[in-house]
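Biologist: I'm new to this one, so please pick a single part and take me through it closely. Keep it relaxed, and explain the terms as you go.

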Amino acid sequence: MLPVVVVHGGAGHIPKERSDLSTSGVCSAVRSAYALLQGGGSSLDAVVEAVLLLENNPSFNAGCGSVLNMKGEVEMDALVMDGKTLSSGAVSAVRNVANPIQLARLVMDKTSHACLTAEGASQFARSMGVPEVPQESLITEYSRMRWKKNLAPDANPVECQMGKMGTVGAVAVDTDGNVACATSTGGMLNKMEGRVGDTPCIGSGGYADNMSGAVSTTGHGEAIMKVTLARHILFHMEQGQSAEAASDLGLAHMKSRVGGLGGVVTVDPQGNWAARFSSCQMAWAAAQKDTLHYGLYTGEHFTQIIEDHRA
């Protein structure tokens with residue numbers, strides 16, 4: 001069953017003209033992360049690799065495709081967690097960094113802290129030699145267009161959130177049975193400056209524990225935080241539920257309790273996995289036993305063989 005990696009490109013409503021980009025993006029990220037695992041790489045390296053590729057893809061709301069806050073600026077959050085040791089690293093409200101997930105990994109590896117925010121995170125990035133990038137390099141025409149549209153006095157906030165390419169995330173199990181998760185986002189469209197959502201919060205945006213499994217979440221951040229969705233799902237797995245059943249239970253609880261929609265990718269240490277969502281769509285992909293799995297709509301599940309390019 002091992003290794004396995006599962007990624008998501010965000011829950012929500014994806015316009016038809018952008019859905020192909022979303023699907024190809026998650027498939028590409030999974031292939032790279034799976035190749036890394038096949039080469040003996042760790043689950044931690046694999047999830048960071050997958051999320052880094054999605055941050056670099058302007059089709060997603062992370063890294064260079066991030067949505068803009070009320071002031072028209074980019075503020076990003078990211079989280080990474082190692083299921084073997086429960087070590088974790090997170091950053092919130094960061095600017096001028098191309099890959100927040102790399103910075104989160106550095107917080108985990110190089111500090112005694114779990115999360116750094118805003119200017120403190122920027123200072124740490126500079127001290128680690130992480131190059132600063134101009135704000136403009138992270139802003140796409142699509143993000144700017146939707147920001148302006150949402151500023152209009154007659155804007156419909158529900159409609160404006162539609163078309164949002166969501167948070168990105170990944171979970172993996174390596175050949176040693178270690179699990180890991182990583183999640184990264186540009187946050188909520190036209191959010192207040194300084195707003196931090198679920199993504200960098202341990203237990204909400206993600207959680208990884210070798211004793212139960214790993215989860216990366218996406219959806220309405222405030223709702224996810226209220227039910228600590230990732231940890232909630234792993235609680236059900238600890239009670240004997242499968243990755244799929246636990247994911248569905250967690251999402252149903254969030255919907256009934258706080259009216260929130262979202263999606264998750266989940267794995268257990270044996271390599272059983274799930275990609276589940278209560279929103280209209282969620283681009284997802286998984287790789288296991290040299291097979292690529294992917295989908296976008298509820299009930300959709302395509303497969304294809306992954307060619308082994310190793311020498």
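Modeller: Here is a walk through the open sheet, ending at a pocket beside it.

A word on the ground rules. This is a predicted model, where local features need pLDDT of at least 70 and side-chain atom pairs count only at pLDDT 80 or more, while totals for chains, interfaces and linings use all residues. Residues are numbered from 1 along each chain as its sequence is written, and side-chain values use heavy atoms, with hydrogens and water left out.

Helices and strands are DSSP runs numbered from the N terminus: a helix is H or I over at least four residues, a strand is E over at least two. Two strands pair if DSSP finds at least two bridges between them.

Let's start with the layout. The open sheet has nine strands with mixed pairing, and you can read them off in the order β4-β3-β2-β6-β5-β1-β11-β12-β13. The edges are β4 (115-117) and β13 (302-305); each has a single partner strand, so one side of each has no neighbour in the sheet. On average, neighbouring strands in this sheet are turned by 10 degrees against each other, direction ignored. For such angles, axes are lines fitted to C-alpha atoms (for helices, over the stretch in contact), and values run from 0 to 180 degrees between N-to-C directions.

As background, strands of a sheet pair through backbone hydrogen bonds, either parallel or antiparallel.

Now follow the strands from β1 towards the β13 edge. β1 (residues 4-12) pairs with β11 (residues 281-288) in the antiparallel sense, over seven bridges. One spot to look for is G12, whose bridge partner in β11 is Q281.

Two helices can be placed on this sheet. Helix α2 (residues 43-55) lies across β1, β2 (76-82), β5 (168-173) and β6 (179-185), and runs at about 160 degrees to β5. Helix α3 (residues 100-110) also packs on the sheet, touching β2, β3 (88-94), β4 and β6, with its direction at about 135 degrees to that of β3. Contact here means heavy atoms within 4.5 Å.

Back to the strands. From β11 the chain goes into β12 (residues 291-297) by way of a hairpin with two residues between the strands, and K289 in the turn has a positive phi of about 50 degrees. The two strands run antiparallel and are joined by six bridges; for example, A287 stands opposite L292 in β12. On to the edge: β12 pairs with β13, again in the antiparallel sense, over four bridges. L292 turns up here too, standing opposite Q304 in β13. This second hairpin has four residues between its strands, and G299 takes a positive phi near 85 degrees.

How covered is β12? Mostly: six of its seven residues are buried. Buried means under 20% relative accessible area, exposed means over 50%, and partly exposed lies in between (1.4 Å probe, protein chains only). T291 sits in this strand, and it counts as buried because its relative accessible area is 17%. If you skip neighbours within four places in sequence, T291 is in contact with A286, T303, Q304, I305 and I306.

G299 also takes us to the last stop, the second largest pocket. A pocket is found on a 1 Å grid over the protein atoms alone: it is an open set of points with protein on both sides within 12 Å along at least five of seven lines, whereas a cavity is a set where a 1.4 Å probe fits but cannot get out; lining residues have an atom within 4 Å of a point. Grid points are joined across faces, edges and corners, and the volume is the space filled by probe spheres set on the points.

By that rule, the second largest pocket has a volume of about 250 Å³. It is lined by 15 residues, and those closest to its centre are E244, A275, R276, F277 and G299. Both α9 (243-258) and β10 (273-277) supply at least two lining residues, with β10 giving the most, five. By class, the lining has seven nonpolar, four polar and four charged residues. Nonpolar covers Ala, Val, Leu, Ile, Met, Phe, Trp, Tyr, Cys and Pro; charged covers Asp, Glu, Lys and Arg; the others, Gly among them, are polar.
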